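Dear colleague,

Please find the structure below, followed by a summary of what was found in it.

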Amino acid sequence: MKRRVLVAMSGGVDSSVAAALMLQEGYDVIGVTMTLSPSESQGLTASGAPAPASRGCCSVWDVTDAEKVAWKLGIPHYVFNLRSEFEKHVIDDFVAEYARGRTPNPCRRCNQHIKFDHLLERARDLGAEAVVTGHYARLRRHAQGYVRLLRGRDERKDQSYVLASLRQEQLEWIRFPVGELTKDEVRDVARRLELGVADKAESMDLCFIPDRDTAGFLAGRLENVQPGEIRDTGGQIVGQHRGLPFYTVGQRKGLGLTTTSPRYVLELDVVNNRMVVGEQAELLERSMIVDELSWVVPTRHARARVQFRAHSGGAPAALELQGPDRLAVRFDQPQKALTPGQAAVFYRRGEVLGGGTIAETGSARL
Amino acid sequence: MRPVYLDYAATAPLLPEVRDWLTHSGFHSAGNPSSLHRYGRQARMELETARERCAAFLGARVEEIVFTSGATESDNLALTGTLEPGDHFLVSAVEHPAILERARWMGAELLPVDEGGVVRPEELARRLVPGTTKLVSVMWVNNETGAVQPIADLAALCREHGVLFHVDAVQAAGFLDLRPEQLGIDLLSLSGHKLGGLSGAGLLYVRRGLRLKQALAGGGQEDHRRAGTPNLSGLVSLGMALQRTRTDVSPLKRRLEAGLALLPGAVRLSGEAPHIAAWRFEGWRAEPILVRLDLEGIAASSGSACSSHSLEPSHVLQAMGLSEEESRGLIRFSLGWDSTEADVDRVLEVLPAQLKVAQKR
């Protein structure tokens, strides 16, 4: 009997190549696509107007692309509907986080609560030994038996940041074949195999907000959003905000301020419905508190390179555990725009040690 | 091993006589039935022979048959061709989306169903507003469960109050007697591909004397009720499918259900239609079961699939009072002209093992 794997196929080039690579290795491959985004199923909106064209990560056309690739590879392919789970675990959280004045990372949350759990269950169910995705990250087994999570070989495409919350029992079941390649190599494979997706554009947007109008999306789902004061760090009122959920820490554009030098959002104070703005230099902070901790590696280091937003290399810092789920991070150099709600991931020489969620930032309280 | 196809309610394998006609006989693709020349005449004869067959099947007159692109168009046309904006009309909560989506948009009132998925005539009587209600639409056989509606009683009620009655009979054709005039049905939708014809061809029966607003403007085909060059090969195959002698698949359904009933957690949801077995298995969503069956070469289905064929909870089961989670569990086996005992036995051989493997983990 051939060994079976389940490949999560998004219709993009990375997961298509992942499926092809597993097939080349001799596995019995089953392709699956998850539909997550709620916007697609409605052909008409309540008013009878056509729904906005969606080309998010799981639009019907991406599903079709995945099916074409699967057909070309000669593997069975299924579509799993996870819309209600996605709505509950990702979108509701996304909205709630903004309401709390934080800036969530829904892709990480989806990986944490939906994608992998669900796929692993299906994989076991279908007698598969692993779940395969097209993420740019690498897995290695440590001599002591546990699985290590490393940055992808293509550092510019590395996605380990959104995978850091995966647990050992999940990593045991996962394969990331394209993490061993560069994006160019992946596109080459797709072209050589004529998969038809080699030159497809990358999906950079949130899959459930294909029109990129996050403010509009939030406005439709949040109640009690009130305009409020914008103050500077001296306590002076300098303007009005439209409602805190529509802003993010570090933001400069769209504040409607008429100051001589540029002002940046420093803090979203939900309790007082107040935004604090300041100069770029005031965005710099040296420390933060991280909670919702999870660890890939059992050893805990006192120092690490800490990455606190997607597609940035991170910066060296000292870690200090202050409680079972509270870790203080002190950067060697002050950092710009540490944003509550975003993930903080701790690396050592390109290997993920663990990660968590930025809870508070600033020096005063730490 | 012979693949097992038990999804006739989605679409049926092409009938051999249709395949023969397409490949060997006089079908001439150059003929437009509206043309003057001999090819036009031949096409016209093919088309009108098909119409005669459809009319004979329904005990209707040829002028009562409006050919369409399929049941979705027929269903839409039944509503848009008879109703004015603001008209009060009723559709059952378990209709096919072809009715339901259009009806929602036009502001229909939903007729609830009982726990068997059936519209009770007294429920219709309670909601009919004499002198105001313009139309009622209820499907003959439900496509997800095979529930058979009391069409004769519902039709009589409508007739009594002068209300138009439309029936989506897609799943009833080939399995039940369809005599719209006898029962007092004003409008009835059919499609060919569920019976082994080509897809893309259907009809709307429109009772003589009932004026239908033009659906598509154009060349005036179909007696000015539905313009456009007809899908000749599809409509000929529709006529052939309706002319075919009915296959009685009810012994196969009984055999299948006797076996399914023994499986752990099995809950029967089937209606009385002879070709649809609808079940769920306690604790199971449909998807994993259908995937396992497919990997074993058995094609079955769940009630409803969206455009990306991922499964949504069944609106039919929800209307019958099942929870959203239970409504994700519907497994539908549907039988047809080429179904055999071996097909059924293969399901009963594979399914128990698949359910057991998963429960062990």
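Is A:G278 buried, partly exposed or exposed? A:G278 is partly exposed, because 16 other C-beta atoms lie within 10 Å (buried means 20 or more, exposed 12 or fewer, partly exposed in between, with C-beta atoms placed from the backbone).

This is a predicted model, in which local features need pLDDT of at least 70 and side-chain atom pairs count only at pLDDT 80 or more, while totals for chains, interfaces and linings use all residues. Residues are numbered from 1 along each chain as its sequence is written, and chains are lettered from A and ligands numbered from 1 in the order in which they are written.

A:G278 belongs to strand β11 (residues 274-278) of chain A (strands, E, at least two residues, and helices, H or I, at least four, are DSSP runs numbered from the N terminus). Leaving aside residues up to four places away in sequence, A:G278 touches A:D232, A:T233, A:R263, A:Y264 and A:L266 (contact: C-beta atoms, placed from the backbone, within 7 Å).

The largest nonpolar core (buried Ala, Val, Leu, Ile, Met, Phe, Trp, Tyr and Cys residues joined through C-beta atoms within 7 Å) has 108 residues; B:V167 is one of those touching the most other members. Helix α9 (residues 232-243) of chain B gives the most to this core, with seven residues. Apart from this core lies another, of 94 residues, including A:L82 and A:V90.

For chain A, pLDDT (the predictor's confidence in each residue, from 0 to 100) averages 87. Over residues 40-56 of chain A, however, pLDDT stays under 50. Where pLDDT is low, the predicted coordinates should not be read in detail.

Yours sincerely

Terms used
Contact = placed C-beta atoms within 7 Å.
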